[in-house]
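User: Hi! I am new to reading protein structures and would like to go through one step by step. Could you help me with some questions?

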Amino acid sequence: MANPSRSKSRSNSTPSSRVPLRQLLRVSSVACGIQFGWALQLSLLTPYVQELGIPHAWASVIWLCGPLSGVFVQPLVGHMSDKCKSRFGRRRPFIVSGAVMICSAVMLIGHSADIGWWLGDTMNNRPRAVGVFVFGFWILDVANNMTQGPCRALLADLTGKDHRRTRVANAYFSLFMAIGNVLGFATGSYSGWYKVFSFTLTTGCNADCANLKSAFLIDIAFIAITTYITITSAHEVPLDSLSETSLEDGTGQTNPTEEAFLWELFGTFKYFSGAIWTILLVIALTWIGWFPFLLFDTDWMGREIYGGKPNEGQSYDTGVRMGALGLMLQSVVLGITSVLMEKLCRKWGAALVWGVSNILMALCFLGMLIVTYVASHAGYLGHDLPPPNVIVIVSLLIFALLGVPLAITYSVPYALISTRIETLGLGQGLSMGVLNLAIVIPQIIVSVGSGPWDQLFGGGNSPAFAVAALSAFASGLLAIIAIPRSSAAQKPKLVI
């Protein structure tokens, strides 16, 4: 049977003492830099790919890069970081490598229009720019997956089996994600960055393109700063030292699960308890709910609320910027919720908090469908008129309220999985890869289906949001009813 004491000694970076909360706070700061770039992706890239000439129905397919890379990259990187024997530690080399790849990818994306122009594109036909963009986007998603898994695993290493500290560490991570979101969406909502970085405006890159390029330059600086703070704050013990400690404690026997590799990952599923499978199912349903919103949030504001289309007047761009403002407000609420999360989970239980927040998410998506219906019958669409203030205010309010369930999604599932999977003897890196599979598989489904599904029902984003509302509601009920309130019943099942 897997020895839990071995798992503990292998997983903790500083097994002899509890890591101070302020150190966990600094280690979590890299989430701010990663999320800053992710916020720019969410607010600007879906509209940008349509400006490059990709139809709305297929814009979501571009986002397949992320889940497809996540299926393989997260588990592989998680396993490699569990086994890494670098003198710099197990997680930090991957965090630094991922950060460098992110910086390289956003430079490629930001300059895709310029590169396409140099290779022979015209303003009305830009297939080369699209190719460069898609390649850069793929690298960016690989880098995001390569960075976030080890970040989460590093926090789990530092907190060990202390469930409360695990929740606190993930709440810190969620808080920094909120801060990164606020700064990223604020950056994305400002349309004058190209005036600050005037060299970004070129013959092949118009003002909107130059604004995106300028925002990504800011992103690079931000990632460099937060990555430096994280890697200098986490004092990891090299794997060889941890192995020696395990042998001295008499816990150095071989664990077959720790020898699992990518192609053996699915074989570990048979050791999961019913509670773990329930959590993974709730995660999957939750992300089926989130992805339509994450893909089309600013596009919804530009199309359904402001009545615009890409490259046709200013209404669409104005709506996209207003959507970025709504996402910034959402991130403020996300940050406040992250601060309160530990108290909420301690009082009502993590599963109940998660379930209620998912039901709130479903109600918000239902609200978006109602606002879409009201806007379509308000008489201003198609007449180049701005939307009524009440419609804009309600839309922004819905965006802001979604910050509550987003904070829970960014934190509670990771804490629940890491504490339950620890007893199976899996390394934290691989366990984050397992959790990621429950996220990326739904993302593949949404990315493949949402565009054609919307076109089947006449275009727009409403069909995808309807599916999101149903999935979020189902995940909320399942979390409340089926997830055990305690992990005490979780027992290791591995037999040598």
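User: Let's start with one residue. Is Gly180 buried or exposed?

Analyst: Happy to help, and keep in mind that this is a predicted model. Gly180 lies in helix H9. Its relative accessible area is 0%, and a residue counts as buried when that value is under 20%. So Gly180 is buried.

User: Which residues does Gly180 touch, leaving aside its neighbours within four places in sequence?

Analyst: Neighbours within four places in sequence are set aside here, and a contact means heavy atoms within 4.5 Å. With that in mind, the partners of Gly180 are Cys32, Gln35, Phe36 and Ala39.

User: How far apart are the C-alpha atoms of Gly180 and Phe222?

Analyst: Along the chain, Gly180 and Phe222 are 42 residues apart. In space, the separation between their C-alpha atoms is 9.3 Å.

User: Now another residue: is Met177 buried or exposed?

Analyst: Met177 belongs to helix H9, which covers residues 163–189. Its relative accessible area is 3%, and the limit for buried is under 20%. Therefore Met177 is buried.

User: Which residues does Met177 touch, not counting residues up to four places away in sequence?

Analyst: One partner is Tyr410, which is 233 residues away from Met177 along the chain. The C-alpha atoms of Met177 and Tyr410 are separated by 8.3 Å. The full set of partners for Met177 is Ala31, Gln35, Arg152 and Tyr410.

User: What is the relative accessible area of Leu285?

Analyst: Leu285 sits in helix H13. Buried needs a value under 20% and exposed needs one over 50%, with partly exposed in between. Leu285 is partly exposed, because its relative accessible area is 21%.

User: Which residues does Leu285 touch, not counting residues up to four places away in sequence?

Analyst: A good place to look is further along the chain: Leu470 is 185 residues from Leu285 in sequence, and their C-alpha atoms are 9.2 Å apart. The residues that Leu285 touches are Ser471, Ala472, Ala474, Ser475 and Leu478.

User: Let's move to helices. How are H13 and H14 oriented to each other?

Analyst: H13 spans residues 274–305, and its axis is 6 Å from that of H14. The two pack at an angle of about 130°. That angle makes H13 and H14 oblique.

User: Which residues of H13 make the contact with H14?

Analyst: The crossing of H13 and H14 is right-handed. On the H14 side, the contact includes Ser315, Tyr316 and Gly319. On the H13 side, the contact is made by Phe293, Asp297, Thr298, Asp299, Met301, Gly302 and Arg303.

User: Where does H14 bend?

Analyst: H14 runs over residues 315–348 and bends by about 50°. Just after H14, Gly349 has a positive phi of about 95°. The bend itself is at Leu340.

User: How are H15 and H16 oriented to each other?

Analyst: H15 covers residues 350–376 and H16 covers residues 389–401. Their axes come within 10 Å and cross at roughly 165°, and the crossing is left-handed. Angles over 145 degrees count as roughly antiparallel, so H15 and H16 are roughly antiparallel.

User: What is the handedness of the crossing of H6 and H8?

Analyst: H6 (residues 92–110) and H8 (residues 127–159) have axes that come within 8 Å and cross at roughly 155°. H6 and H8 are therefore roughly antiparallel. Their crossing is left-handed.

User: Stepping back, how many helices does the protein have?

Analyst: We have looked at a few of the helices by now. The protein has zero strands. Its helices number 19.

User: What share of the residues in the protein is buried?

Analyst: The protein has 496 residues. Its accessible surface comes to about 18900 Å², and 68% of that belongs to carbon and sulfur atoms. Buried residues make up 59%.

Technical notes. Residues are numbered from 1 along each chain as its sequence is written. This is a predicted model: local features need pLDDT of at least 70, side-chain atom pairs count only at pLDDT 80 or more; totals for chains, interfaces and linings use all residues. Side-chain values use heavy atoms; hydrogens and water are left out. The bend at a residue is the angle between axes fitted to the seven residues ending there and the seven starting there. Helices (H or I, at least four residues) and strands (E, at least two) are DSSP runs, numbered from the N terminus. Buried means under 20% relative accessible area, exposed over 50%, partly exposed in between (1.4 Å probe, protein chains only). Accessible areas come from the Shrake-Rupley method with a 1.4 Å probe; for residues, only the protein chains shown count as cover. Axes are lines fitted to C-alpha atoms, for helices over the stretch in contact, and angles run from 0 to 180 degrees between N-to-C directions. Angles under 35 degrees count as roughly parallel, over 145 as roughly antiparallel, 65 to 115 as roughly perpendicular and the rest as oblique. A crossing is left-handed if the near helix is turned anticlockwise from the far one by less than a right angle, and right-handed if clockwise.
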